[in-house]
Amino acid sequence: MSELAEQVTTRVSAEMRAALGREMKRAVSYPVSESDIRRWAIAVYYPAQPPRRFWDADVAAASRYGGIVAPEDFNPFAWMTAEPAGVSPMASAASDPDSLEASVGVAGPGLKNVLNGGLQIDYGVPIRPGDVITSVTSLAEYRERSGSLGLMLFTTSRTLWTNQHGETVKTGLGTVIRY
Amino acid sequence: MTSLAVSVGDEIPAFERLTGFAEWNRYAAVNEEFVPIHMDDEAGRAAGLTGAIGMGQLQVAYLHNLVRDWLDNRGRILAFSCRFNSPNLKDQVVSARGRVTAVTERADGVEAVLEIWTADAAGNRLAPGTCTVLIDD
């Protein structure tokens with residue numbers, strides 16, 4: 001078994017390589033609520049009380065944004081999206097290492113484990129209560145490297161978030177590592 | 001003219017948290033991130049780890065908290081990047097830290113580049129990265 005593993009030189013099939021650039025996912029959020037922002041702030045500052053600008057309208061009104069805005073790392077797509085409607089089947093499949101390729105209609109590499117490899121983000125306008133965010137993600141790059149856990153596959157996706165005014169909220173590159 | 005003086009070499013006050021299921025479960029609840037290796041020691045061991053590990057995105061959140069709290073409403077984050085070198089293990093004290101590595105005057109304020117990272121109690125870096133901010137108030 002270990003001899004076979006050592007002979008593997010790539011996990012990227014021709015079909016996977018041909019899918020580079022393809023749109024993986026497009027989602028539209030429900031309007032972001034102040035409650036969504038409060039809960040996010042509570043979770044990321046726990047056990048301390050989150051800064052008042054995330055939950056006190058008077059304090060937020062005196063801030064540079066003139067009102068409550070979400071933390072930059074806030075995710076408006078958790079639990080359910082307006083489009084596609086309903087609970088995402090991807091949510092229950094999030095731990096499936098081949099879910100990336102499934103989203104572009106090709107077979108995945110069949111690796112067992114997934115780790116978050118990192119991310120790179122450029123920020124635009126902040127997210128405010130009432131905003132509806134659209135996210136478009138495409139498959140950007142495959143890279144491979146040998147590591148202590150064997151041949152590791154690095155997959156990068158590119159994401160653009162815009163609000164209901166067409167303004168860019170953020171652009172990002174995310175990498176997952178599979179082995 | 002900015003009210004937040006910033007110089008190369010400035011250290012950013014650390015943001016620290018003792019991390020474990022109490023923190024990870026709350027983050028899973030808001031980010032819908034119910035992945036077995038973040039919830040179950042056995043799943044973590046099956047993945048070759050010592051047990052369950054924290055979410056990479058929670059490290060990202062801590063690093064944003066670090067920079068945002070330091071800015072204190074006098075600027076904004078323009079860009080952020082980090083990679084995940086080592087997992088966040090259960091009951092680890094995670095410290096998000098940073099220092100200023102470059103400062104550039106702009107017409108609309110001061111742009112600063114920060115080296116940022118999270119580390120365990122021994123100083124081993126879990127999630128190193130960079131952050132660019134604009135200080136304009």
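**Exercise 1. Find which elements of chain B help to cover the buried residues of helix H3 of chain A.**

Solution. This is a predicted model, in which local features need pLDDT of at least 70, side-chain atom pairs count only at pLDDT 80 or more, and totals for chains, interfaces and linings use all residues. Residues are numbered from 1 along each chain as its sequence is written, while chains are lettered from A and ligands numbered from 1 in the order in which they are written. Begin with the buried residues of H3(A), which include Trp40(A), Val44(A) and Tyr45(A); a residue is buried if 20 or more other C-beta atoms lie within 10 Å of its own, with C-beta atoms placed from the backbone. Then look at what covers these residues, and helix H1 (21-31) and helix H4 (56-71) of chain B will be among the elements found; helices are DSSP runs (H or I, at least four residues) and strands likewise (E, at least two), numbered from the N terminus.

**Exercise 2. Check the span of helix H3 (residues 34-45) of chain A.**

Solution. The expected span is 1.5 Å times one less than the number of residues. The 12 residues should therefore span 16 Å, and the end C-alpha atoms are 16 Å apart, which agrees.

**Exercise 3. Describe the make-up of chain B.**

Solution. Count the elements to obtain 4 helices and 5 strands, and then read them from the N terminus on, which gives the order β-α-α-α-α-β-β-β-β. Along its principal axes, the C-alpha trace of chain B spans about 55 × 30 × 20 Å. Finally, 41% of the 137 residues of chain B count as buried.

Methods: A residue is buried if 20 or more other C-beta atoms lie within 10 Å of its own, exposed if 12 or fewer, and partly exposed in between; C-beta atoms are placed from the backbone. Two residues are in contact if their C-beta atoms, placed from the backbone, lie within 7 Å.
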